Amino acid sequence: MSDSSKKEVDILLPAELRIVLLGMVGVGKSSSGNKILGQENLFDSKPGLSAVTEKCQKKTGNINNQNLVVVDTPGLLSIDKTEEEILREIKTSINLAEPGPHVFLIVLSVKEKYTKKEEDMVKSICDTFGKNTMDYTMVLFTHGEEGTKIEDFFSGNKNLHKLIKKCKYGYHLLDSRPEQVPELLKKINDKVQAAEGRYYTAEMLQEAETALQQQTVH
Ligand SMILES: Nc1nc2c(ncn2[C@@H]2O[C@H](COP(=O)(O)OP(=O)(O)O)[C@@H](O)[C@H]2O)c(=O)[nH]1
Ligand SMILES: [Mg+2]
């Protein structure tokens with residue numbers, strides 16, 4: 001790459017990329033956070049259905065001269081907590097990623113079929129973060145190293161197709177190739193640049209809360 005074209009890329013690249021990881025317990029949110037930041041044990045990650053991550057956690061790093069802020073959240077559908085408690089905690093991710101996340105990564109494992117349970121989880125996320133949620137969302141698939149082809153995972157699952165269509169930032173599959181994370185970051189950066197650096201804000205969350213309250217009143 002010539003010097004001048006490199007400069008252009010630098011100018012376009014957001015100086016900081018803020019990412020919030022969302023999804024059910026055990027799908028690989030914390031491990032994905034570690035992969036993204038290139039360090040193994042920043043976020044606690046363990047097998048099982050009990051949420052290891054009880055509070056939202058923020059970790060930062062610098063990858064290719066770009067500051068990354070990654071916020072890990074407690075998993076939805078944990079056996080230890082009510083959905084309401086979990087959602088209340090998940091909302092604090094917006095403040096941790098201040099002034100707001102560029103992208104919500106909804107983490108799904110290709111080892112788990114996309115069923116009504118997963119759909120309900122996505123619906124809770126959308127209800128919680130409101131009408132703008134999908135404008136800032138990418139689906140991140142984990143467990144890609146076990147040879148599951150993403151096309152096979154999609155095949156015949158209309159609801160999963162629908163979800164991907166709704167997510168403005170598309171999807172990415174994490175596998176064991178060294179390029180997996182650079183490719184993910186490039187995809188996110190491209191989308192954020194196309195969105196002229198826009199990000200999800202605390203005002204949008206406030207609006208979503210008001211909308212939810214009005215729904216319960218009427
Ligand atoms: N093989 C494989 N294991 C994974 C992957 N992602 C997560 N895991 C494992 O799945 C378990 C739960 O992962 P974790 O990141 O803690 O899930 P979280 O509850 O969503 O944060 C851990 O034992 C991880 O090592 C993946 O992509 N491939
Ligand atoms: Mg976790």
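## The loop between H3 and E4

Pro 99 sits in the loop between H3 and E4, and in this predicted model the peptide bond that joins Glu 98 to Pro 99 is cis, with omega at about 0°. His 102 belongs to the loop between helix H3 (83–96) and strand E4 (103–109) as well.

With a relative accessibility of 4%, His 102 counts as buried. Leaving aside residues up to four places away in sequence, His 102 touches Glu 16, Leu 17, Arg 18, Tyr 136, Tyr 169, Val 192, Gly 197, Arg 198 and Tyr 199.

## Glu 16 at strand E1

Glu 16, one of the residues touched by His 102, is part of strand E1, which covers residues 16–23. Whereas His 102 is buried, Glu 16 has a relative accessibility of 28% and therefore counts as partly exposed. When residues up to four places away in sequence are not counted, Glu 16 touches Asn 67, Val 69 and His 102.

The side chains of Glu 16 and Arg 18 are joined by a polar contact of 2.8 Å, and Arg 18 is also among the residues that His 102 touches. Between Glu 16 and His 143 there are 27 Å in space, taken from C-alpha to C-alpha, and the two residues are 127 residues apart in sequence.

## The surroundings of ligand 1

There are 16 residues around ligand 1, and those that come nearest are Gly 26, Lys 29, Ser 31, His 143 and Glu 145. Sorted by class, this shell has 4 nonpolar, 7 polar and 5 charged residues. Helix H2, made up of residues 29–37, gives the most to the shell, with 4 residues.

Several polar atoms of the protein can be placed relative to oxygen atoms of the ligand. A polar side-chain atom of Ser 31 lies 2.5 Å from an oxygen atom of ligand 1, while a backbone N or O atom of Gly 28 lies 3.0 Å from an oxygen atom of ligand 1, and for a backbone N or O atom of Val 27 the corresponding distance is 3.3 Å. Of the 570 Å² that ligand 1 exposes when taken alone, the protein buries 77%.

## Helix H2 and its cover

Helix H2, which gives the most residues to the shell around ligand 1, is largely enclosed by the rest of the structure, because 7 of its 9 residues are buried. The buried residues of H2 are Lys 29, Ser 30, Ser 32, Gly 33, Asn 34, Ile 36 and Leu 37; Lys 29 is also among the residues that come nearest to ligand 1.

The cover over the buried residues of H2 includes E1, strand E2 (57–63), strand E3 (66–72), E4, strand E5 (137–142) and helix H7 (180–194). E1 is the strand in which Glu 16 lies, and E4 is the strand that bounds the loop holding His 102. After H2 comes Gly 38, with a positive phi near 70°.

## Positive phi outside glycine

A positive phi also appears at Asn 65, where the value is about 65° although the residue is not a glycine. Asn 65 is located in the loop between E2 and E3, and its relative accessible area of 70% is the reason why it counts as exposed.

His 143 is another residue other than glycine with a positive phi, in this case near 65°. His 143 lies in the loop between E5 and helix H5 (150–154), where its relative accessibility of 23% means that it counts as partly exposed. His 143 is also one of the residues that come nearest to ligand 1.

## Cysteines without a disulfide

The structure holds 0 disulfides. The cysteine sulfur closest to that of Cys 126 is in Cys 167, and at 7.7 Å it is too far away for a bond; seen from Cys 167, the closest cysteine sulfur is likewise that of Cys 126, so the pair is too far apart for a bond from this side as well.

Both cysteines can be described by their accessibility. Cys 126 is buried, with a relative accessible area of 19%, which falls under the 20% that limits the buried class. Cys 167 is buried too, and its relative accessible area is 3%.

Notes
Residues numbered from 1 in each chain as written. Chains lettered and ligands numbered in written order. Predicted model: local features only at pLDDT ≥ 70, side-chain atom pairs only at ≥ 80, totals over all residues. Heavy atoms only, no water. Helix = DSSP H or I, 4+ residues; strand = E, 2+ residues; numbered from the N terminus. Buried < 20%, exposed > 50% of the residue type's maximum accessible area, 1.4 Å probe, protein only. Contact = heavy atoms within 4.5 Å. Near = heavy atom within 4 Å. Polar contact = N/O pair within 3.5 Å; in protein donor to acceptor, adjacent residues only side chain to side chain. Areas by Shrake-Rupley, 256 points an atom, 1.4 Å probe, with all protein chains shown as cover. Nonpolar A, V, L, I, M, F, W, Y, C, P; charged D, E, K, R; others polar. Disulfide = S-S within 2.5 Å.
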